[in-house]
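Please open the model in your viewer and keep the selection panel at hand. The tour below moves from one selection to the next and says what is to be found at each stop.

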Amino acid sequence: MFVSFFPRPRLFFPSVALWTALCVLVWYVAGRRFGAHLGFGGTGAEIGIASFWSPASLWFDLYFAAAVSIFASLWHRFSPHRWERWSILGSALILFLTYFQVEVSVAVNTWYGPFYDLIQAALSHERSVTPADIYRSFLTFAGLALVAVTVGVISSFIVSHYVFRWRQAMNEFYMAHWHRLRGVEGASQRIQEDTMRFSTTVEALGVNLIQAVLTLIAFLPILIGLSSAVRILPIVGEVPHALVASALLWSVFGTGLLALVGIRLPGLEFGNQKVEAAYRKELVIGEDRADRAQPPTVAMLFADVRRSYFRLYFNYLYFNVARIVYLQVDVIVPYLILAPTIAAGAITLGVMNQILNAFEQVRSSFQYLVTSWTTIVELLSIFKRLRTFEAVIGEDDAAIVPAPALRAAR
């Protein structure tokens, strides 16, 4: 699953973590200040698309590109791999595009404050507001929306190719060992379908996880800053950093609840795929052999499928009850938290919308497992099937290198 696409995965992934930690440390200790000495300083307070090409933003882009280039060059010399351009540079590009999308969200949140304060001033007659003032705000938002659409389309295109390259790498790897794998139950389905589903699901979960982490990094300081306007929580009273504490506690509660309620689902999904594979295999063999796929045998296999699905439906029933109830309550939680502050008139409409958006971003980041649990269950099921499939090869994953990769190394 991984050795076909990434160079020496058992070393590669720890090296990614270490290199990332080192680059982050260097950036915060000296990188930003060094950029300011080179003329890439700035407050970063611009509103609109100008924030994306501010000197500080451009310096970070250059720093990111340099870090990725050094890392990719080192791995190219240490362990050449046929798919390294996609597995290393492609992953880095997807990471950067995800980061850029988070930056767009931050820019939109910054735009919320002046825009809604303008609306409040117009409705309350605090000061003179002309239609041209409102139209200019819309033009600023239109620029941000255009950037968001452009980056989103590019990201989707790159991700689609990335997923297919990973699937192609796995397909080549398994077909190189087809003489050992062809006897495994459902071998054709695992190569044709599971490789596609695995690469797609891992990529989706990975991108969502990175986006959640980057969103948390970007919006948590914003929410901490906005917490100065919100000191009192309902029932509890005054709490330091009330917004951050509320987002964290509510998200941890939801994550723990759904993890507990859905703990049986990965095993049930795995068992469901096994009975489906057995049923499908009997039908496929029956196409060529008259003595197979007889009605009694097919009826027995389908009864196993039926029993497995009904068990799965029952477990998803109470899981979905817990998930949907939590997500419905989740809609009003920010307003419940802000109720005392709103009633006291301690914030403006613009600040309130900034708080609601930042709270939503931080809360959704903390709720990664809540929103992704069903997909994680599916991924665990696919992973178990492919690991069972690969066990037939009988070799250590780290020692297995597909033939195309060996040719590239030479």
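The expected span of a helix is 1.5 Å times one less than its number of residues. With that in mind, select helix α2 of this predicted model, which runs over residues 55-78. Its 24 residues should span 34 Å at 1.5 Å a residue, and because the end C-alpha atoms are 35 Å apart, expectation and model agree.

Stay on α2 and colour it by burial: Ser57, Trp59, Asp61, Tyr63, Phe64, Ala67, Val68, Phe71, Ala72 and Trp75 are the buried residues of this helix. If you then show the surroundings, the elements that cover these buried residues include α1 and α3. Colouring by confidence is also instructive here, for α2 has the highest mean pLDDT among the elements of the protein, at 91.

Next, select the nonpolar interior. In soluble globular proteins, nonpolar side chains tend to be buried together. The largest nonpolar core here has 87 residues, and those with the most contacts inside it are Trp166, Tyr174, Phe198 and Leu243. Helix α3 gives the most to this core, contributing 14 residues. A second core, separate from the one just described, has five residues, among them Trp27, Trp59, Tyr63 and Ala67; Trp59, Tyr63 and Ala67 also appear among the buried residues of α2.

Now centre on Tyr174 and ask which residues it touches, leaving aside those up to four places away in sequence. The neighbours to display are Met1, Leu181, Ile191, Thr195, Leu386, Phe389 and Glu390.

From there, move to the aromatic rings, of which the structure holds 42 pairs. Select Phe5 and Trp83, which form a tilted pair with a centre-to-centre distance of 6.3 Å and an angle of 40° between the planes. Phe5 lies in the segment before α1 (9-37) and Trp83 in the loop between α2 and α3, so this pair ties together parts that are 78 residues apart in sequence. Both partners are buried, Phe5 with a relative accessible area of 0% and Trp83 with one of 9%.

The charged side chains come next: the structure holds five salt bridges. Select Glu172 and Arg82, whose side chains meet in one of them at 2.5 Å, N to O. Because Glu172 lies in helix α4 (residues 131-176) and Arg82 in the loop between α2 and α3 (84-124), the pair ties together parts that are 90 residues apart in sequence. Are these two residues buried, partly exposed or exposed? Glu172 counts as partly exposed at 22% relative accessibility, and Arg82 is likewise partly exposed at 36%.

Then select Arg136 and Asp133, whose salt bridge brings the closest N and O atoms to 2.4 Å apart. Here both partners belong to helix α4 and lie three residues apart, about one turn of the helix. A further salt bridge joins the side chains of Asp291 and Arg289, at 3.1 Å from N to O. Asp291 is partly exposed, with a relative accessible area of 49%, and Arg289 is partly exposed at 42%.

For the backbone, select Ala293, which is placed in the loop between α8 (265-286) and α9 (295-343). Most residues other than glycine have a negative phi. Ala293, however, has a positive phi near 55°, and this residue is partly exposed, with a relative accessible area of 24%. Arg8 is another residue other than glycine with a positive phi, near 45°; Arg8 lies in the segment before α1 and is partly exposed, its relative accessible area being 41%.

As a further stop, select Leu257 in helix α7 (residues 242-261), which counts as partly exposed at 27% relative accessibility. Its C-alpha atom is separated by 9.5 Å from that of Phe319, a residue 62 places away along the chain.

Finally, colour the whole protein by pLDDT, whose mean is 81, with 93% of the residues reaching 70 or more. Helix α12 (residues 403-409) has the lowest mean among the elements, at 37. Across residues 395-410 the pLDDT stays under 50, and the model has 22 contacts beyond four places in sequence for this stretch. Where pLDDT is low, the predicted coordinates should not be read in detail.

Definitions and conventions: Residues numbered from 1 in each chain as written. Predicted model: local features only at pLDDT ≥ 70, side-chain atom pairs only at ≥ 80, totals over all residues. Heavy atoms only, no water. Salt bridge = Lys/Arg side-chain N within 4 Å of Asp/Glu carboxyl O. Helix = DSSP H or I, 4+ residues; strand = E, 2+ residues; numbered from the N terminus. Buried < 20%, exposed > 50% of the residue type's maximum accessible area, 1.4 Å probe, protein only. Phe/Tyr/Trp six-rings, centres within 6.5 Å; stacked < 30°, edge-to-face > 60°. Core = buried A, V, L, I, M, F, W, Y, C linked by side-chain atoms within 4.5 Å. Contact = heavy atoms within 4.5 Å. pLDDT = per-residue confidence, 0-100.
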